[in-house]
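Biologist: I am new to this one. I will keep asking why each label applies. Ready?

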Amino acid sequence: MSTSRWRALSVSLIVVGVVACLIESLLGRSRAPGAALSGLYTLVMLLTLGSMILSLVRMRPWARPAWVALTVVLSLSFAGVSYRQFVLGGVRSIDLSSPTPVDALYAAIYGVTLISLVYMIRRVKRRAEPMWFLDAAITFVGVAAVGSQIILVTMYARNGADWAFWLQTFYLLVNAGLIALAIRLWLATSRVANRGLRIGLAALVIFVLNDVVSTAMIINRVETGVRDGIYIGINLLAIAMIAASICDPTSVNAPAATPHESRLSTLRTVVPTVLVVVLVGVIVVSWPGLPTSGWVVRTASAATLTLLLAARSAALVGAYRQTLRREEVLRVSGVAINHAESDEEIDQQFARGLARLLPEDRPTFSWRPAASVPAPDPGARPAPSALAPDPGAAPEGDVPVPVPVGNVEYLAVERAGEETLTVALSTPLMLDPLDWTAVESLADVAAAARLREHLRAERESAAEIARASMLMAGSQDMVVLLDPDGRIKMAAGAVGLLTSHSADHWHRRGLDELFADSAIVESLVRQSSPGRARVQAEIVGREVKVEVTVERSADGEVSVALHDVTERVRLADELEYSASHDALTGLPNRANLAALLADAELSWRQRGERFGVAFIDIDDFKMVNDSLGHPFGDQLLIGLGERFAMAAGQRGTVVRLGGDEFAVVMRPTDPEDAMTVAQSLLDSLRTPVVVEGVEIVVRASCGVAVVDVEQSTGDLLLQAADLALYDARERGKGGIALYQAELKEVAVRRLAEATAVTEAARSQQFRFDFQPVIDVPRNHVVAVEALMRWDAGGAYATPDAFIPVAESLGELTRIMTTLLPSALAQVAAMREVQADLKVAFNMHAAAMVDADFEGWLAQAVADAGLPNSAIIIEVSERSLMPAQASGHLTRLRDAGMAVWIDDFGTGWSNLSYLERLPVTGVKLARELVFDREGNAKRDLVRAVVSLSDAMGFTVVAEGVETTAQGQSLTELGVDLVQGYLLARPMPRDELVSWLGQRVS
């Protein structure tokens, strides 16, 4: 609903109230009102109450809780009047011998109304005047005095019920208090800005006076029909006016945002005095013939009113004395300001004058260029500045916007020729017209004095400006001087170089034409205190960044120096980008991740926005680097970063942590959303990545964690995601795992395992067992495979359990170099039993990329007295051959050592590697040779054997456990077999004995 419609609704409610009042007053003459009048009463009440509720929901008026309370009060009043009129037949408490629930209801209603008005007065953020209290007090005593005469004295003389007398006494005092508070609040509001509030206060006064008069009519036996019709009609008018006041758009304006009325107003000075004199005169004239109860009340009322009138007269005298003191302060301060010799002294004297004029307000002030503020109308009442918009103006839109309550600025302007100065005065209390006039006069004097100082300083600095212009002619910097209006009066130095315009072009132009972002520069220029400040800006229409130095001299001269920092800013931006982004992929790096997590954590703590982290690690990425080289791996990482960023989209920010590790910060999110995003990241790898024409199938493992009470910081969440990643790897590569609390225990156990493996390596707890490789047709042991064992490892005694741990810790190479000499010596002893026996060692990638690998292996073989032909080097197909190790293995092969691919068929199975690498044999993995039921995969085995024969490779089948499997392999042409069917792994002594039995 627009503002005009709210105003139309307000006027309509008043019209409805007037019509209802006339109808009820003229036609409501019966003791029991008819259905038509009852329906009219109910319709008007429901219409007004509905309008009030709608206004409270949509308008949100000033002091809204008080208006809500009044709405509730009127609703209860409607219920009480309806009950009394239509159930009790219009009989009130005065006519009854005992109280009714309506009396208790009305006592509560009056109390809530009184509290609501007190709340409104407490919300008035303005300097309280003594005469406000005196005016309210005079009103209270006057209403109480009149009411006691026309109600209480008569009731007391008739010896009515005590409870009715004291209840009416309570009603009278509350009614007098309501009118007094309404007068007090009325005096603190503006006629224009708070029209709605004033209508409501007038309605409240009408309502209260109607109650007093109606009660008096009951006591004086006025005809019931006449009395009830007038009473209900005026009630309807008052309630409709209150509803209209809430619907009025000006009801949203707080009284603190409008100027005071003059405390020396003629009406406020004369009218209360006349009223008091008349009231006292009436009391004195009517003194004779009164009963004792009457003259006691009138004597007390007359005495109280006389004292209040005397106090008000004293307040008026004090106000006039303050006016005289104000004039003396203006005279003394004006002389001091005119004798000041600098802007600082002028401001000091001006501040002292303000402090003496407004000792309670604690005002502050600042000088501004007049171009930034419109000059006020000299004949108009001073209006607040943009900090507190003019409350009299109706805002556009459906709901009026409340005016903010706080410090208010007043503007005073002084002009001298082309020069203009503006002072902005800020004070927490509103100024009445007398205070404002005095402040404006003092500001005019100060502004005129400052202008005189500026003109003198300009004349003195003219010669210096000319000299500065000559010096700046050959400079690479640019300097401009500003006039008091903030416009350029001179430009010198590298003007053409920085702006592509001549110096004359900039004369009388504003800073907004020079700087693309001039607001910050202009804010420095507006500072009144001398000093120097720097800021960066950009020249309009050019990609030139400059360091702007704004300097204000002691005499107020403002200069702006421009230094070209375009290259410096570019380098700084590049450095900042490099510090926060990965140099290879362009993604945010680990340092940037800390900032992202901190920002997400702040949102989580302040607004409850959950976030999550996905930790991604590329499976077997080292294989790519080792096999194809690091440049190839770098290109693969770039492609992976692009895929992850595209898959995350707006749901997360992808970060490269280093190596083959990535992280994604997802916000806001919950566990289900986080797992969905993580799955989309891994799904993006389903299509092979093409690098330099080579298709690479990439798999990755992912751990996910979402913030909660336990993982309440970014660091803890990242650790949780890392634990979830390890859990995903243990379940199988290429999977996703969501962090669970029990993963902490897994991490602790993993740490214990790593510690145990490290200690075992250093204390040499590992040894070798040997498993034979047998040529079945010849029933001859061709070689033995050295298998590492850890007797004290418990559940980790087997190689499949402890070797991955040792390899991840970098301890596997240490273990191999330590055990190799003794193992070779043991093989030498075995060869005494079987001279042609060979030994096969499993070499892992970390050992083969060691620069000394070839040297220490050849030396160990020579020290054991073994020929190179007795050595077989087995390399797992899962890691292929490290590119760095290819040369080592080629030379060792050429020296007579054999190179076998172990577990062939379980890794990448890229046959092109078999042709390029120095391979002499393959060991077929059990998964390649046999199905789940243990039956041989004949076609596949036959194809591999044919290919191996064509390439000259030795073929060994491992994992043979049954006689049927051995016969199948023999039929397929696989002669060399290894497995539990023929022999289990044995220690050296047991193997020597076993070999001896076979030889014998």
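Modeller: A helix here is a DSSP run of H or I with at least four residues. Helix α20, residues 714-731, has 18 residues. After α20 comes Gly-732, whose phi is positive, near 135°. One caution: this is a predicted model.

Biologist: How do you know that the span of α20 is close to the expected one?

Modeller: Compare two values. α20 reaches 26 Å from first C-alpha to last, and 26 Å is expected at 1.5 Å a residue.

Biologist: Which residues of α20 are buried?

Modeller: Among them are Gly-714, Leu-717, Leu-718, Ala-721, Leu-725 and Ala-728. Asp-727 is on the list too.

Biologist: Why do residues three or four places apart in an α-helix point the same way?

Modeller: An α-helix has 3.6 residues a turn, so such residues point the same way.

Biologist: What makes α6 mostly covered?

Modeller: In α6, 19 of the 26 residues are buried. The helix covers residues 162-187 and reaches 38 Å, close to the 38 Å expected.

Biologist: Why is Asn-235 counted as buried?

Modeller: Buried means under 20% relative accessible area. Asn-235 has 4%, so Asn-235 counts as buried. This residue lies in helix α8, residues 224-247. Leaving out residues up to four places away in sequence, Asn-235 touches Phe-207 and Asn-210.

Biologist: And why is Arg-64 called partly exposed?

Modeller: Partly exposed falls between the 20% and 50% cut-offs. Arg-64 has 25%, so the label fits. Arg-64 lies in helix α3, residues 64-86. Neighbours within four places aside, Arg-64 is in contact with Leu-56 and Val-57.

Biologist: How far apart are Arg-64 and Val-252, in sequence and in space?

Modeller: They are 188 residues apart in sequence and 8.9 Å apart in space, C-alpha to C-alpha.

Biologist: Why is α17 called oblique to α18?

Modeller: The axes of α17, residues 621-628, and α18, residues 630-648, come within 7 Å and cross at roughly 140°. Roughly antiparallel needs over 145, and roughly perpendicular runs from 65 to 115. The angle fits neither range, so α17 is oblique to α18.

Biologist: Which residues meet there?

Modeller: From α17 come Phe-621, Val-624, Asn-625 and Leu-628. From α18 come His-630, Phe-632, Gly-633, Leu-636 and Leu-637. They divide into 6 nonpolar, 3 polar and no charged.

Biologist: How many aromatic pairs are there?

Modeller: The count is 3. In one of them, the ring centres of Phe-766 and Trp-790 are 5.4 Å apart and the planes are at 45°.

Biologist: Why is that pair of Phe-766 and Trp-790 called tilted?

Modeller: Centres must lie within 6.5 Å to pair; under 30 degrees is stacked, over 60 is edge-to-face, and the rest is tilted. At 5.4 Å and 45°, the pair is therefore tilted. Phe-766 lies in strand β16, residues 766-775, and Trp-790 in strand β17, residues 780-790, so the pair ties together parts 24 residues apart in sequence. Phe-766 is buried at 5%, and Trp-790 is buried at 6%.

Biologist: What makes the pair of Phe-768 and Phe-841 edge-to-face?

Modeller: The planes are 65° apart and the centres 5.9 Å. Edge-to-face needs over 60 degrees, so the name applies. Phe-768 is in β16 and Phe-841 in strand β18, residues 838-843, 73 residues apart.

Biologist: How do you know that Phe-768 counts as buried?

Modeller: Phe-768 has 8% relative accessibility, so it counts as buried. Phe-841 is buried too, at 2%.

Conventions. Residues are numbered from 1 along each chain as its sequence is written. This is a predicted model: local features need pLDDT of at least 70, side-chain atom pairs count only at pLDDT 80 or more; totals for chains, interfaces and linings use all residues. Side-chain values use heavy atoms; hydrogens and water are left out. Helices (H or I, at least four residues) and strands (E, at least two) are DSSP runs, numbered from the N terminus. The expected span of a helix is 1.5 Å times one less than its number of residues. Buried means under 20% relative accessible area, exposed over 50%, partly exposed in between (1.4 Å probe, protein chains only). Axes are lines fitted to C-alpha atoms, for helices over the stretch in contact, and angles run from 0 to 180 degrees between N-to-C directions. Angles under 35 degrees count as roughly parallel, over 145 as roughly antiparallel, 65 to 115 as roughly perpendicular and the rest as oblique. Contact means heavy atoms within 4.5 Å. Ala, Val, Leu, Ile, Met, Phe, Trp, Tyr, Cys and Pro count as nonpolar, Asp, Glu, Lys and Arg as charged, and the others, Gly among them, as polar. Rings of Phe, Tyr and Trp (its six-membered ring) pair if their centres lie within 6.5 Å; planes under 30 degrees apart count as stacked, over 60 as edge-to-face and the rest as tilted.
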